[in-house]
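I sat down with this one to see how the pieces hold on to each other. My notes follow in the order I looked things up.

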Amino acid sequence: MPERNNDFGKFGARGIKGHEAVAWQLDAHAGFVATRVTARLHYLTRTERARAAAREAGLTVTDRTLKAWLDGRRSPSRKNLRNIESAYLQVRRRKVARYLLGRLNREGCGTRVEFHLLNQSQVTRPHHRVVEFRTLNVRHWDRIVEVWAAADDQALDDAWINEAVVDLGSQWGRYEYVTAIGFAA
């Protein structure tokens with residue numbers, strides 16, 4: 001098996017790592033929508049279980065401060081806005097991971113994944129690589145969804161390469177960087 005790309009972009013190619021595109025796609029399927037801060041706070045404080053998860057995810061403010069934010073009497077600082085966003089993403093990922101896993105595995109049938117090519121528009125002709133559009137049926141999403149929900153970027157990279165991309169055969173290294181990864185759940 002060839003090694004991973006070390007000098008990506010050296011000749012002008014543009015793209016992102018495949019696992020980052022997968023994380024964005026999973027986030028889109030998890031229903032991350034642009035909402036007001038108060039809607040996200042309601043989501044994080046609706047139940048005691050949600051509050052505990054929010055505290056675990058890094059939202060450590062007093063109940064009095066939360067109530068003032070929800071009532072509109074005070075607004076969170078930039079740091080607290082980042083903490084709210086981070087906690088919301090972590091709690092939402094954990095909450096929908098099991099649902100997404102069932103949809104993606106589809107009782108062993110898997111999900112068809114499309115690899116959208118990296119952008120070679122800035123690469124000179126002699127350095128162009130032949131990279132064709134590829135699809136692959138990924139049958140085992142367990143590890144990929146598990147590390148996505150845990151927000152472990154390095155483990156997601158390893159899981160994506162070892163659980164999915166390696167099934168492309170000897171050409172798997174050509175699809176380490178892409179412009180997008182598409183799949184439905």
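**Entry 1: confidence**

I started with the elements of the chain: strand S4 (residues 177–178) has the lowest mean pLDDT, 81, and helix H6 (residues 142–149) has the highest, 94. This is a predicted model, so I kept the confidence values beside me. The chain averages a pLDDT of 83, and 88% of the residues score at least 70.

**Entry 2: salt bridges**

Next I went after the charged pairs. How many salt bridges are there? The count comes to 11.

I pulled up Asp-27 and Arg-93, whose side chains meet in a salt bridge at 3.0 Å, N to O. This pair links distant parts of the chain, since Asp-27 sits in helix H1 (residues 18–29) and Arg-93 in helix H5 (residues 78–105), 66 residues apart. Are the two partners buried or exposed? Asp-27 counts as buried at 14% relative accessibility, and Arg-93 is buried with a relative accessible area of 14%. The cut-off I used for buried is under 20%.

Helix H5 came up again with Glu-85. I found its side chain in a salt bridge with that of Arg-40, at 2.7 Å, N to O. Glu-85 lies in helix H5 and Arg-40 in helix H2 (residues 37–45), so this salt bridge ties together parts that are 45 residues apart in sequence. Here I noted that Arg-40 is buried, with a relative accessible area of 8%, whereas Glu-85 is partly exposed at 33%.

Then I checked a pair inside one helix. The side chains of Arg-143 and Glu-146 meet in a salt bridge at 3.2 Å, N to O. Why are they about one helical turn apart? Because they are 3 residues apart in helix H6. I have Arg-143 down as partly exposed at 36% relative accessibility, and Glu-146 is partly exposed too, with a relative accessible area of 48%. I also wrote down a network: salt bridges that share partners join Lys-17, Asp-157 and Glu-176.

**Entry 3: the sheet**

I moved on to the strands. Which order do they take in the open sheet? I read S3-S2-S5, which makes 3 strands with antiparallel pairing. Strand S3 (134–138) and strand S5 (180–182) are the edge strands, each pairing on one side only. Neighbouring strands of this sheet are turned by 25° against each other on average, direction ignored.

Zooming in, I saw that strand S2 (residues 111–116) and S5 pair in the antiparallel sense over 3 bridges. Phe-115 stands opposite Ile-181 in S5.

**Entry 4: helix H7**

I wanted to know which residues of helix H7 (residues 153–163) are buried. My list reads Ala-155, Leu-156, Asp-157, Ala-159, Trp-160 and Ile-161. Asp-157 is also a member of the salt-bridge network with Lys-17 and Glu-176. What covers the buried residues of H7? The cover includes strand S1 (16–17), H1, S2, H6 and S5.

**Entry 5: a loop residue**

Last, I looked up Val-131. Where is it? I found Val-131 in the loop between S2 and S3. Val-131 is buried, with a relative accessible area of 12%. I also took its C-alpha to C-alpha distance to Leu-117: the two are 14 residues apart in sequence and 6.7 Å apart in space.

Conventions: Residues are numbered from 1 along each chain as its sequence is written. This is a predicted model: local features need pLDDT of at least 70, side-chain atom pairs count only at pLDDT 80 or more; totals for chains, interfaces and linings use all residues. Side-chain values use heavy atoms; hydrogens and water are left out. pLDDT is the predictor's confidence in each residue, from 0 to 100. Helices (H or I, at least four residues) and strands (E, at least two) are DSSP runs, numbered from the N terminus. A salt bridge is a side-chain nitrogen of Lys or Arg within 4 Å of a carboxyl oxygen of Asp or Glu. Buried means under 20% relative accessible area, exposed over 50%, partly exposed in between (1.4 Å probe, protein chains only). Two strands pair if DSSP finds at least two bridges between them. Axes are lines fitted to C-alpha atoms, for helices over the stretch in contact, and angles run from 0 to 180 degrees between N-to-C directions. Contact means heavy atoms within 4.5 Å.
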